[in-house]
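Please open the model in a viewer and keep the sequence panel visible. The stops below are arranged as a series of selections, each followed by a description of what is found there.

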Amino acid sequence: MSDYKFVLYEPVDDGRIVRITLNRPEARNAQNRGLLVDLHDAFMEAEADDEVRVVILAGAGPMFSAGHDMGSKVSMEEMTPGPTQHPTRQINGATRKGAESLMLQEWHYFFENTRRWRNLRKITIGQAHGDVYAAGLMLLWACDLIVSADDVRFADVVGARLGMCGVEYFAHPWELGPRKAKELLLTGDAIDAHEAHALGMVSKVFPADELADSTLEFARRIAQLPTMSALLIKESVNQSVDNMGFYNALNACFTLHELNHSHWAQLHENKYPIALEEDGIPNWKEAPPIVPAVKDKVRADS
(Lines give C-alpha, C1' and ligand atoms only; values in the text may rest on other atoms or scores of the structure.)
Protein backbone atom coordinates (compact mmCIF):
# COMPACT_ATOMS: atom_id res chain seq x y z
CA MET A 1 0.00 0.00 0.00
CA SER A 2 1.35 3.42 -0.98
CA ASP A 3 2.05 5.92 1.77
CA TYR A 4 -0.35 8.87 1.73
CA LYS A 5 -1.36 10.97 4.72
CA PHE A 6 -5.05 11.49 3.96
CA VAL A 7 -6.00 8.59 1.67
CA LEU A 8 -5.45 4.84 1.65
CA TYR A 9 -4.27 3.14 -1.54
CA GLU A 10 -5.05 -0.57 -1.62
CA PRO A 11 -4.35 -2.86 -4.60
CA VAL A 12 -6.75 -5.82 -4.84
CA ASP A 13 -6.63 -8.97 -6.97
CA ASP A 14 -2.93 -8.66 -7.78
CA GLY A 15 -3.37 -5.01 -8.64
CA ARG A 16 -6.16 -5.37 -11.22
CA ILE A 17 -8.36 -3.29 -8.94
CA VAL A 18 -7.29 -0.43 -6.65
CA ARG A 19 -9.39 0.88 -3.79
CA ILE A 20 -8.63 4.50 -2.85
CA THR A 21 -10.21 5.48 0.47
CA LEU A 22 -10.62 9.01 1.80
CA ASN A 23 -9.12 8.68 5.27
CA ARG A 24 -10.22 11.53 7.51
CA PRO A 25 -13.01 9.73 9.38
CA GLU A 26 -12.73 12.09 12.37
CA ALA A 27 -13.60 14.98 10.02
CA ARG A 28 -16.25 13.11 8.01
CA ASN A 29 -13.70 13.08 5.16
CA ALA A 30 -13.96 16.83 4.72
CA GLN A 31 -11.72 17.85 1.83
CA ASN A 32 -8.74 19.80 3.09
CA ARG A 33 -5.98 20.66 0.63
CA GLY A 34 -3.77 17.78 1.72
CA LEU A 35 -6.52 15.26 1.10
CA LEU A 36 -7.24 16.63 -2.38
CA VAL A 37 -3.57 16.58 -3.36
CA ASP A 38 -3.16 13.06 -1.96
CA LEU A 39 -6.26 11.95 -3.84
CA HIS A 40 -4.93 13.39 -7.09
CA ASP A 41 -1.57 11.67 -6.61
CA ALA A 42 -3.31 8.38 -5.82
CA PHE A 43 -5.47 8.62 -8.94
CA MET A 44 -2.39 9.38 -11.03
CA GLU A 45 -0.56 6.41 -9.48
CA ALA A 46 -3.44 4.12 -10.42
CA GLU A 47 -3.59 5.56 -13.91
CA ALA A 48 0.14 5.04 -14.46
CA ASP A 49 0.01 1.39 -13.39
CA ASP A 50 -0.81 -0.75 -16.43
CA GLU A 51 -1.98 -3.61 -14.19
CA VAL A 52 -4.87 -1.52 -12.86
CA ARG A 53 -8.19 -1.89 -14.66
CA VAL A 54 -10.73 -0.46 -12.19
CA VAL A 55 -10.40 2.11 -9.41
CA ILE A 56 -12.86 2.21 -6.49
CA LEU A 57 -13.20 5.51 -4.58
CA ALA A 58 -14.54 5.05 -1.05
CA GLY A 59 -14.55 6.84 2.29
CA ALA A 60 -13.58 5.73 5.79
CA GLY A 61 -15.78 6.31 8.81
CA PRO A 62 -19.46 7.27 9.07
CA MET A 63 -19.87 9.00 5.69
CA PHE A 64 -18.29 9.27 2.26
CA SER A 65 -17.56 13.01 2.43
CA ALA A 66 -19.05 16.09 4.04
CA GLY A 67 -17.66 18.29 1.26
CA HIS A 68 -15.07 21.07 1.50
CA ASP A 69 -13.25 21.52 4.79
CA MET A 70 -14.70 24.76 6.13
CA GLY A 71 -12.06 25.46 8.73
CA SER A 72 -10.80 22.48 10.74
CA LYS A 73 -7.54 22.84 12.64
CA VAL A 74 -5.76 20.84 9.94
CA SER A 75 -7.16 23.04 7.18
CA MET A 76 -6.25 26.28 8.99
CA GLU A 77 -2.71 25.05 9.56
CA GLU A 78 -2.42 24.28 5.84
CA MET A 79 -3.42 27.86 5.02
CA THR A 80 -1.29 29.69 7.61
CA PRO A 81 2.24 30.74 6.59
CA GLY A 82 4.85 28.74 8.45
CA PRO A 83 6.08 25.17 8.77
CA THR A 84 2.61 23.60 8.55
CA GLN A 85 1.51 25.50 5.44
CA HIS A 86 0.70 23.25 2.50
CA PRO A 87 3.09 23.85 -0.46
CA THR A 88 0.15 24.50 -2.80
CA ARG A 89 -0.64 27.66 -0.80
CA GLN A 90 2.37 29.30 -2.47
CA ILE A 91 1.73 28.32 -6.10
CA ASN A 92 -1.02 28.24 -8.74
CA GLY A 93 -2.28 31.72 -8.01
CA ALA A 94 -2.03 31.60 -4.23
CA THR A 95 0.21 34.68 -4.09
CA ARG A 96 -1.90 36.75 -6.49
CA LYS A 97 -4.26 39.51 -5.30
CA GLY A 98 -8.02 39.96 -5.23
CA ALA A 99 -10.42 37.56 -6.94
CA GLU A 100 -7.58 36.18 -9.07
CA SER A 101 -6.07 34.27 -6.15
CA LEU A 102 -9.24 32.45 -5.14
CA MET A 103 -10.22 31.81 -8.75
CA LEU A 104 -6.89 30.22 -9.64
CA GLN A 105 -6.68 28.18 -6.45
CA GLU A 106 -10.21 26.83 -6.89
CA TRP A 107 -9.60 26.17 -10.59
CA HIS A 108 -6.60 24.00 -9.79
CA TYR A 109 -7.74 22.23 -6.62
CA PHE A 110 -11.55 22.11 -6.81
CA PHE A 111 -12.37 22.19 -10.52
CA GLU A 112 -9.74 21.09 -13.01
CA ASN A 113 -8.52 18.29 -10.74
CA THR A 114 -12.08 16.92 -10.59
CA ARG A 115 -12.41 17.10 -14.37
CA ARG A 116 -9.06 15.35 -14.70
CA TRP A 117 -10.34 12.51 -12.52
CA ARG A 118 -13.48 12.28 -14.64
CA ASN A 119 -11.22 11.62 -17.62
CA LEU A 120 -8.95 9.11 -15.87
CA ARG A 121 -7.82 6.41 -18.30
CA LYS A 122 -9.28 3.70 -16.08
CA ILE A 123 -12.86 2.85 -15.12
CA THR A 124 -13.74 4.40 -11.77
CA ILE A 125 -16.48 3.44 -9.31
CA GLY A 126 -17.60 5.78 -6.54
CA GLN A 127 -18.69 3.91 -3.40
CA ALA A 128 -21.08 6.11 -1.38
CA HIS A 129 -22.15 5.53 2.20
CA GLY A 130 -23.60 7.63 5.00
CA ASP A 131 -24.40 11.12 3.73
CA VAL A 132 -22.79 12.81 0.73
CA TYR A 133 -22.87 16.59 0.79
CA ALA A 134 -21.79 19.37 -1.59
CA ALA A 135 -18.20 18.78 -2.74
CA GLY A 136 -18.60 15.12 -1.83
CA LEU A 137 -20.89 14.98 -4.85
CA MET A 138 -18.08 16.31 -7.05
CA LEU A 139 -15.90 13.34 -6.17
CA LEU A 140 -18.67 10.87 -6.95
CA TRP A 141 -19.71 12.65 -10.14
CA ALA A 142 -16.15 12.40 -11.44
CA CYS A 143 -16.53 8.60 -11.35
CA ASP A 144 -17.82 6.53 -14.25
CA LEU A 145 -20.20 4.57 -12.03
CA ILE A 146 -21.65 5.22 -8.59
CA VAL A 147 -22.60 2.45 -6.17
CA SER A 148 -24.53 3.44 -3.06
CA ALA A 149 -25.57 2.01 0.28
CA ASP A 150 -29.34 1.91 0.60
CA ASP A 151 -29.43 4.53 3.38
CA VAL A 152 -27.40 7.29 1.68
CA ARG A 153 -28.65 10.86 1.34
CA PHE A 154 -27.27 13.18 -1.35
CA ALA A 155 -27.52 16.98 -1.00
CA ASP A 156 -25.82 20.17 -2.12
CA VAL A 157 -26.44 22.68 0.64
CA VAL A 158 -24.16 25.50 -0.50
CA GLY A 159 -27.04 27.60 -1.83
CA ALA A 160 -29.08 27.39 1.36
CA ARG A 161 -26.11 27.61 3.74
CA LEU A 162 -23.43 29.63 1.93
CA GLY A 163 -25.35 31.64 -0.64
CA MET A 164 -23.44 29.98 -3.47
CA CYS A 165 -24.75 28.73 -6.82
CA GLY A 166 -23.57 25.15 -6.33
CA VAL A 167 -20.12 23.64 -6.09
CA GLU A 168 -17.23 24.34 -8.47
CA TYR A 169 -17.68 21.24 -10.65
CA PHE A 170 -21.27 22.02 -11.67
CA ALA A 171 -22.57 18.71 -12.99
CA HIS A 172 -25.96 19.05 -11.29
CA PRO A 173 -28.22 19.45 -14.38
CA TRP A 174 -26.48 16.53 -16.07
CA GLU A 175 -26.73 14.22 -13.07
CA LEU A 176 -30.17 15.24 -11.77
CA GLY A 177 -32.01 16.90 -14.64
CA PRO A 178 -32.56 20.67 -14.82
CA ARG A 179 -35.67 21.07 -12.67
CA LYS A 180 -34.55 18.67 -9.95
CA ALA A 181 -31.19 20.41 -9.89
CA LYS A 182 -32.89 23.78 -9.34
CA GLU A 183 -35.11 22.38 -6.59
CA LEU A 184 -32.28 20.77 -4.66
CA LEU A 185 -29.98 23.78 -5.01
CA LEU A 186 -32.66 26.30 -3.99
CA THR A 187 -33.80 24.30 -0.96
CA GLY A 188 -30.76 22.33 0.17
CA ASP A 189 -32.98 19.27 0.50
CA ALA A 190 -31.72 15.73 -0.07
CA ILE A 191 -32.58 12.78 -2.26
CA ASP A 192 -32.06 9.19 -1.16
CA ALA A 193 -30.18 6.41 -2.94
CA HIS A 194 -33.33 5.03 -4.54
CA GLU A 195 -34.33 8.35 -6.13
CA ALA A 196 -30.74 8.87 -7.23
CA HIS A 197 -30.93 5.47 -8.89
CA ALA A 198 -34.21 6.36 -10.59
CA LEU A 199 -32.59 9.56 -11.93
CA GLY A 200 -29.70 7.54 -13.38
CA MET A 201 -27.09 9.08 -11.10
CA VAL A 202 -26.51 5.84 -9.15
CA SER A 203 -25.84 2.49 -10.83
CA LYS A 204 -26.36 0.04 -7.98
CA VAL A 205 -27.90 0.17 -4.49
CA PHE A 206 -26.79 -2.37 -1.88
CA PRO A 207 -27.47 -2.91 1.83
CA ALA A 208 -25.00 -0.85 3.82
CA ASP A 209 -23.35 -3.87 5.43
CA GLU A 210 -22.77 -5.42 2.00
CA LEU A 211 -21.60 -2.28 0.20
CA ALA A 212 -17.83 -2.81 0.20
CA ASP A 213 -18.01 -6.47 -0.85
CA SER A 214 -20.68 -5.85 -3.50
CA THR A 215 -18.75 -2.91 -4.94
CA LEU A 216 -15.66 -5.08 -5.23
CA GLU A 217 -17.65 -7.80 -7.01
CA PHE A 218 -19.02 -5.18 -9.39
CA ALA A 219 -15.48 -3.96 -10.05
CA ARG A 220 -14.33 -7.53 -10.70
CA ARG A 221 -17.04 -7.98 -13.31
CA ILE A 222 -15.98 -4.81 -15.12
CA ALA A 223 -12.29 -5.71 -14.82
CA GLN A 224 -12.95 -8.78 -16.98
CA LEU A 225 -13.59 -6.56 -20.01
CA PRO A 226 -10.58 -5.94 -22.27
CA THR A 227 -8.95 -2.68 -21.23
CA MET A 228 -9.22 -1.16 -24.72
CA SER A 229 -12.94 -1.92 -24.84
CA ALA A 230 -13.50 -0.37 -21.42
CA LEU A 231 -11.49 2.73 -22.29
CA LEU A 232 -13.27 3.34 -25.60
CA ILE A 233 -16.70 2.81 -24.02
CA LYS A 234 -15.80 5.42 -21.42
CA GLU A 235 -14.36 7.77 -24.03
CA SER A 236 -17.34 7.36 -26.36
CA VAL A 237 -19.79 8.32 -23.63
CA ASN A 238 -17.64 11.16 -22.28
CA GLN A 239 -17.06 12.61 -25.74
CA SER A 240 -20.78 12.36 -26.51
CA VAL A 241 -21.66 14.28 -23.36
CA ASP A 242 -18.92 16.82 -24.07
CA ASN A 243 -20.33 17.36 -27.57
CA MET A 244 -23.73 17.94 -25.95
CA GLY A 245 -22.14 20.84 -24.08
CA PHE A 246 -20.94 19.35 -20.80
CA TYR A 247 -17.32 20.53 -21.07
CA ASN A 248 -18.22 24.10 -21.99
CA ALA A 249 -21.02 24.22 -19.43
CA LEU A 250 -18.55 23.25 -16.69
CA ASN A 251 -16.26 26.10 -17.74
CA ALA A 252 -19.09 28.63 -17.82
CA CYS A 253 -20.53 27.60 -14.47
CA PHE A 254 -17.13 27.70 -12.80
CA THR A 255 -16.82 31.37 -13.77
CA LEU A 256 -20.31 31.99 -12.34
CA HIS A 257 -19.19 30.30 -9.13
CA GLU A 258 -16.25 32.70 -8.90
CA LEU A 259 -18.52 35.68 -9.64
CA ASN A 260 -20.70 34.50 -6.75
CA HIS A 261 -17.63 34.48 -4.45
CA SER A 262 -16.60 37.93 -5.67
CA HIS A 263 -20.09 39.32 -5.02
CA TRP A 264 -20.03 38.34 -1.35
CA ALA A 265 -16.42 39.44 -0.90
CA GLN A 266 -17.28 42.90 -2.23
CA LEU A 267 -20.26 43.23 0.12
CA HIS A 268 -18.45 42.21 3.30
CA GLU A 269 -16.03 44.44 5.14
CA ASN A 270 -13.93 41.39 6.04
CA LYS A 271 -13.99 40.24 2.36
CA TYR A 272 -15.49 36.88 3.32
CA PRO A 273 -16.43 35.27 -0.04
CA ILE A 274 -19.64 33.49 1.00
CA ALA A 275 -22.98 34.73 2.31
CA LEU A 276 -23.35 35.56 6.00
CA GLU A 277 -26.30 35.88 8.36
CA GLU A 278 -26.54 39.58 7.52
CA ASP A 279 -27.28 38.53 3.93
CA GLY A 280 -30.24 36.39 4.96
CA ILE A 281 -28.43 33.04 5.09
CA PRO A 282 -28.38 31.07 8.37
CA ASN A 283 -25.02 30.43 9.97
CA TRP A 284 -23.88 27.21 8.28
CA LYS A 285 -22.80 25.79 11.65
CA GLU A 286 -26.31 26.26 13.06
CA ALA A 287 -28.43 25.77 9.94
CA PRO A 288 -31.62 23.72 10.08
CA PRO A 289 -31.12 19.98 9.51
CA ILE A 290 -31.12 18.62 5.98
CA VAL A 291 -34.45 17.00 5.14
CA PRO A 292 -35.63 14.86 2.22
CA ALA A 293 -37.08 16.49 -0.86
CA VAL A 294 -40.66 15.20 -0.60
CA LYS A 295 -42.95 15.70 -3.58
CA ASP A 296 -46.12 16.60 -1.64
CA LYS A 297 -44.62 18.86 1.07
CA VAL A 298 -42.96 22.27 0.96
CA ARG A 299 -40.50 21.06 3.58
CA ALA A 300 -40.39 17.59 5.06
CA ASP A 301 -40.54 17.24 8.83
CA SER A 302 -37.06 17.27 10.27
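Select strand β3 and display its side chains: V54, I56 and A58 point one way, V55, L57 and G59 point the other way, and all are buried. Here buried means under 20% relative accessible area, exposed means over 50%, and partly exposed lies in between (1.4 Å probe, protein chains only). The strand, residues 54-59, is thus described as mostly covered, with six of its six residues buried. Helices (H or I, at least four residues) and strands (E, at least two) are DSSP runs, numbered from the N terminus.

This is a predicted model, in which local features need pLDDT of at least 70 and side-chain atom pairs count only at pLDDT 80 or more, while totals for chains, interfaces and linings use all residues. Residues are numbered from 1 along each chain as its sequence is written, and side-chain values use heavy atoms, with hydrogens and water left out.

Next, add strand β2, residues 17-22, which pairs with β3 in the parallel sense over six bridges. Two strands pair if DSSP finds at least two bridges between them. Within this pairing, L22 is located opposite G59 of β3.

Move on to the open sheet of three strands, whose order is β5-β7-β8 and whose pairing is mixed. Its edge strands are β5 (131-133) and β8 (191-192), each of which pairs on one side only. Between β5 and β7 (residues 153-155) the pairing is parallel and runs over three bridges. Select D131 to find its bridge partner in β7, R153. Strands of a sheet pair through backbone hydrogen bonds, either parallel or antiparallel.

The next selection is a surface patch of negative charge formed by D150, D151, D209, E210 and D213. Patches are made of residues with over 30% relative accessible area and no salt bridge; like charges are joined within 9 Å, and nonpolar side chains (Val, Leu, Ile, Met, Phe, Trp, Tyr) within 5 Å. Of the residues in this patch, D213 lies in helix α9 (residues 211-223) and is exposed, because its relative accessibility is 57%.

Which salt bridges merit selection among the 15 that a search of the whole structure finds? A salt bridge is a side-chain nitrogen of Lys or Arg within 4 Å of a carboxyl oxygen of Asp or Glu. One of them joins R24 and E26, with the closest N and O atoms 3.9 Å apart. R24 is buried at 2% relative accessible area, whereas E26 is exposed at 60%.

Then select E112 and R115, whose salt bridge has its closest N and O atoms 2.8 Å apart. The two residues are separated by about one helical turn because they are three residues apart in helix α3 (residues 98-118). E112 is partly exposed, with 24% relative accessibility, and R115 is buried, with a relative accessible area of 3%.

A further salt bridge links the side chains of D301 and K297 (3.8 Å, N to O). D301 counts as exposed at 63% relative accessibility, and K297 as partly exposed at 43%. Elsewhere, D13, E217 and R220 are joined into one network by salt bridges that share partners.

Finish at E278, in the segment after α11 (246-267). This residue is exposed, with 63% relative accessibility. A C-alpha to C-alpha distance drawn from E278 to F246 reads 35 Å, for a separation of 32 residues in sequence.

Notes. Accessible areas come from the Shrake-Rupley method with a 1.4 Å probe; for residues, only the protein chains shown count as cover. Lys and Arg count as positive and Asp and Glu as negative; His and the chain ends are not counted. The place of a charge is taken as NZ of Lys, CZ of Arg, CG of Asp or CD of Glu.
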